[in-house]
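These are my notebook entries on a set of chains, their sheets, their contacts and their symmetry. I look at the structure before writing anything down.

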Amino acid sequence: MQFAGSHILSVQQFQRDDVERIFAVADDMRPYAQRRRITRVLEGAILGSMFFEPSTRTRVSFGSAFNLLGGEVRETTGFESTAIAKGESLYDTARVLSGYSDVIAMRHPAEGSVGEFAVASRVPVINGGDGSNEHPSQALLDLYTINSEIAGRGGSIDKLRIAMVGDLRHGRTVHSLCKLLCLFPNVQVVLVSPLELRMPGEIVEDMRKSGLQVMESDVLEASIAHVDIVYSTRIQEERFSSQEEADLYRGRFRLNQSIYTSHCEPNTVIMHPLPRDSRDNARELDDDLNDNPNLAIFRQADNGVLVRMALFALILDVAEQVDRHARDVSWYTAGRF
Amino acid sequence: MQFAGSHILSVQQFQRDDVERIFAVADDMRPYAQRRRITRVLEGAILGSMFFEPSTRTRVSFGSAFNLLGGEVRETTGFESTAIAKGESLYDTARVLSGYSDVIAMRHPAEGSVGEFAVASRVPVINGGDGSNEHPSQALLDLYTINSEIAGRGGSIDKLRIAMVGDLRHGRTVHSLCKLLCLFPNVQVVLVSPLELRMPGEIVEDMRKSGLQVMESDVLEASIAHVDIVYSTRIQEERFSSQEEADLYRGRFRLNQSIYTSHCEPNTVIMHPLPRDSRDNARELDDDLNDNPNLAIFRQADNGVLVRMALFALILDVAEQVDRHARDVSWYTAGRF
Amino acid sequence: MQFAGSHILSVQQFQRDDVERIFAVADDMRPYAQRRRITRVLEGAILGSMFFEPSTRTRVSFGSAFNLLGGEVRETTGFESTAIAKGESLYDTARVLSGYSDVIAMRHPAEGSVGEFAVASRVPVINGGDGSNEHPSQALLDLYTINSEIAGRGGSIDKLRIAMVGDLRHGRTVHSLCKLLCLFPNVQVVLVSPLELRMPGEIVEDMRKSGLQVMESDVLEASIAHVDIVYSTRIQEERFSSQEEADLYRGRFRLNQSIYTSHCEPNTVIMHPLPRDSRDNARELDDDLNDNPNLAIFRQADNGVLVRMALFALILDVAEQVDRHARDVSWYTAGRF
């Protein structure tokens, strides 16, 4: 695809070489995100960060990524404006607000709303989550993490073996990741969930049509024995009709250090889209894994900044100029990463 | 007036040459707002954006205008602070908060509060709306839009013919605009509203005393037949005692493409302070006008950035320096405007 | 202490020479805070401002201080995120959010939470208030103000005589200030409060052990007759079980110009952590003191910016570089301070 000036609305707009291009640029962003260098390539540019649904970490991750490129951020959180309550169409909102920035990152509770907004926007829009529909930057950072973790272990995304564990029915991140994995036909996927929380059939079907080998299971231990990645997810309690119903599943699949040692191959990577549920009755990833060097969950969150910097750099067509506007960091950063 | 260091509290502080000075500076801001150039003239300066009453578009418009001049923005939205609840006077609040920035843009629900705040502030304050009282930057952007639209059509503000349509009783923007038009004695104004929602008598009186020709009407079609501008407004439902009462008037005056073609002179400009009410029972400006090149409502919103940049540049006395701190834009902006 | 890379969690981590170092750097910040010069020493750096409990003035003071050094601010206010509600541990929150910035300023309602957060954070954390526990930058700015006010009057912190007046039981700021004063053994302290609202015994004990001379009183006039500083505080009504209970004490100790003239030595300095309660039944510092040049309450608030700039400069180890990245201010600042 042509990145300059494009909206990023869905993982389904990417071909394999688009993904590789994003990852190459994300790699280039590492010295800036790790504070070994700073760049001012987007000095003077403005990100419109419009989170009509709150999300601290996604919002701050987008904002910091833009700041790290030298740009400014103007934010809206929640439906503070009553313009929509006063009968304003999403078309009008988009036409007006897109005049205040150079690029927009937007989250909205209604499925499809970000795409509708993008049609009327005069600047590129990145979908930061539209209801249960899409969250493409999350899928990209997940795949970027998979790629960098297994590359460091001598593996390759072309022979990836991954287990996804937990609430596969409601988890938006695993849905998007599966759609993105369809670009890599040799991948083997094990889907581990309670029967009632299985991955939607059409997503499984799409993966199989794309050539992936997909297995489904409701047993944890055997399913994580021969994989490169265990991708754990929490029970999405907010999608259940009651806490009691969610409690039926919470804590069903718990990975801790003892199970990891007994069942996983050495150096199996552990991922999670976060937040992980650390309450006693949940603990899908136990705290005793915190010292396990294969626990990649915080590297995964850090990678979100790299991937979002890459998306901004590509959309605004400055990927080649980042280094030209760079200089050394002059403040204390020891122990930063 | 002397702009450097002054508060901007009311349209009534301006003489005609002040307005012309603001418009001349706003014109100079266009290349920056349109991303053909960037300027860093206010690098290091801080705007205190204090919206004690929420307003996404006005708040973001002020913030982006300040960013476009190279400055930073520190924001407060809503009454998050309980200082006032703890008995703090507006004097104390102003003395303290004005120590944190170089200029303040403030909205507050109480009439007169921004002026009271300004008295105690140590830095210039721009009134971003104080209850039903004043919102001077809105009136300025409206008049700036009128001026630039009719200039492009060979007209002039000195022989302006304008129809204001809708809820003229409650609309703060039309009140302020009328006060500002008093500086231009040859203007002809047609006020179109339901009888119960007529423009307040003292404003009509002031316009007549200033020499303007003012007509009042409750019929749309004839009233828009011989004007340069139709300025439409929505029913300000939040000022009515009930939705039912507002419903009595909503949808009374609807302009759509068919009425426009049948009744307006060619190239009559359509304006609206936004948000327009696009619900079925309202539609004071129909969506079928969206492709009409004379629909100026989004240019009007864009002009808000220019006018606010001009106010900041004049108050902080950098209008002459903007170009000296300018450089080319290095990111992708095609199709920006 | 070693400032570079350190957390600032409690006044008890400081020795006397640490305090003096902070004050020396704060002095150096004055030309920048007063807009005679600007510096870009932290250009490219990001402050994570995380106010899980709202506080407009502390939040904006930290943010402006960081902007004045040239850095950017990414903010979170309130518990907008539901991550903690979804069972996320403070450890996970800290690990993730600390990846988005170079330094964090944090307020949280739970005592000890900021310290717990700091353990997991990968960047330095400044405690902006954790419940009723600590608020070290407030104590530092209070002591900095005391020092600069009495130095200007020929006094010295080593022979300081100070009266603290009001709700000494609940006031977090006077608790922290007393702890910090323990570094200066010759100080004389008069504690003036209703019997029921006396300073906690262990704090009085600590001051006496450190060598300070401490008197307690429930009479205002005699207690303020021979001091350099009167530090007044409001009744912390939010800590009482009812407004009625708070009303028993509100207005008990009122300082106004007449009492000041009759009882205080000339040039006695008046301080208050703000907000002062200006309602009729409170008025612990009457508005008629506003023109008294010894009323230092707004200089005290301004000093908060200096002290916070100093903390950032020391923690990020750029105190020696500030001037090298400096230049003149080009906008209008007359009457700024």
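In which order do the four strands of the open sheet of chain B lie, and is the pairing parallel or antiparallel? I worked on a predicted model throughout.

**Entry: the sheet of chain B**

I read the strand order of this open sheet in chain B as β3-β2-β4-β5, with parallel pairing. I then looked up the edges and found β3 and β5 (125-130) of chain B there, each pairing on one side only. For the turn between neighbouring strands of this sheet I noted 10° on average, with direction ignored.

I next followed one pair in detail. Strand β2 (residues 46-51) of chain B is joined to β3(B) by six bridges in the parallel sense. Within this pair I looked for the partner of Phe51(B) and found Thr77(B) in β3(B).

I also asked what lies across these strands. Helix α2 (residues 56-68) of chain B does so, covering β2, β3, β4 (103-108) and β5 of chain B. I recorded its direction as about 180° to β2(B).

**Entry: strands β6 and β7 of chain B**

I turned to strand β6 (residues 161-165) of chain B, which runs parallel to β7(B) and is joined to it by five bridges. As one bridge of β7(B), I noted Val192(B) as the partner of Val165(B).

Is β7(B) largely enclosed or left open? I counted four buried residues among the five of strand β7 (residues 188-192) of chain B, so I entered the strand as largely enclosed by the rest of the structure.

**Entry: the sheet of chain C**

I repeated the sheet reading for chain C. Four strands make an open sheet there, ordered β3-β2-β4-β5, and their pairing is parallel. At its edges I found β3 (72-77) and β5 (125-130) of chain C, each paired on one side only. Neighbouring strands of this sheet are turned against each other by 10° on average, direction ignored.

For strand β2 (residues 46-51) of chain C, I found six bridges to β3(C), in the parallel sense. Phe51(C) faces Thr77(C) of β3(C) across this pairing.

At the other edge, I found four bridges between strand β4 (residues 103-108) of chain C and β5(C), and the two run parallel. The bridge partner of His108(C) in β5(C) is Asp130(C). I then checked burial along this edge strand: six of the six residues of β5(C) are buried, so I entered β5(C) as largely enclosed by the rest of the structure.

**Entry: the contact between chains B and C**

How many residues does each chain bring to the contact? I noted 30 residues from chain B and 29 residues from chain C. On the side of chain B that touches chain C, β3 (72-77) and α3 (90-97) of chain B each supply at least two residues. Of the elements on this side, α3(B) gives the most, with four residues. I divided the residues of this side of chain B into 11 nonpolar, nine polar and 10 charged.

**Entry: how the copies are related**

I superposed chain B on chain C and obtained an RMSD of 0.0 Å, with a turn of 120° and a shift of 0.0 Å along the axis. The two copies are therefore related as by a three-fold rotation axis. I then searched chain B for the residue that comes closest to the rotation axis and found Glu72(B), with its C-alpha at 4.7 Å.

For chain A laid on chain B, I noted an RMSD of 0.1 Å, a turn of 120° and a shift of 0.0 Å along the axis. In chain A, Glu72(A) comes closest to the rotation axis, at 4.7 Å (C-alpha).

**Entry: the domains of chain A**

I took the domain bounds of chain A from its assignment, which gives domain 1 (11-134 + 304-328) and domain 2 (137-298). I noted 27 Å between the C-alpha centres of the two domains of chain A. At their contact, 16 residues of domain 1 of chain A meet 12 residues of domain 2 of chain A.

Which elements give two or more residues to the domain 1 side of this contact? I listed α1 (16-33), β5 (125-130) and α11 (297-315) of chain A. The largest share of this side, five residues, comes from α1(A). I sorted the residues on the domain 1 side into eight nonpolar, five polar and three charged.

Terms used
Residues numbered from 1 in each chain as written. Chains lettered and ligands numbered in written order. Predicted model: local features only at pLDDT ≥ 70, side-chain atom pairs only at ≥ 80, totals over all residues. Contact = placed C-beta atoms within 7 Å. Nonpolar A, V, L, I, M, F, W, Y, C, P; charged D, E, K, R; others polar. Least-squares fit on C-alpha atoms with pLDDT ≥ 70 in both. Domains from an automatic or database assignment. Pairing = 2+ DSSP bridges. Axes fitted to C-alpha atoms, helices over the stretch in contact; angles between N-to-C directions. Buried ≥ 20, exposed ≤ 12 C-beta atoms within 10 Å, placed from the backbone.
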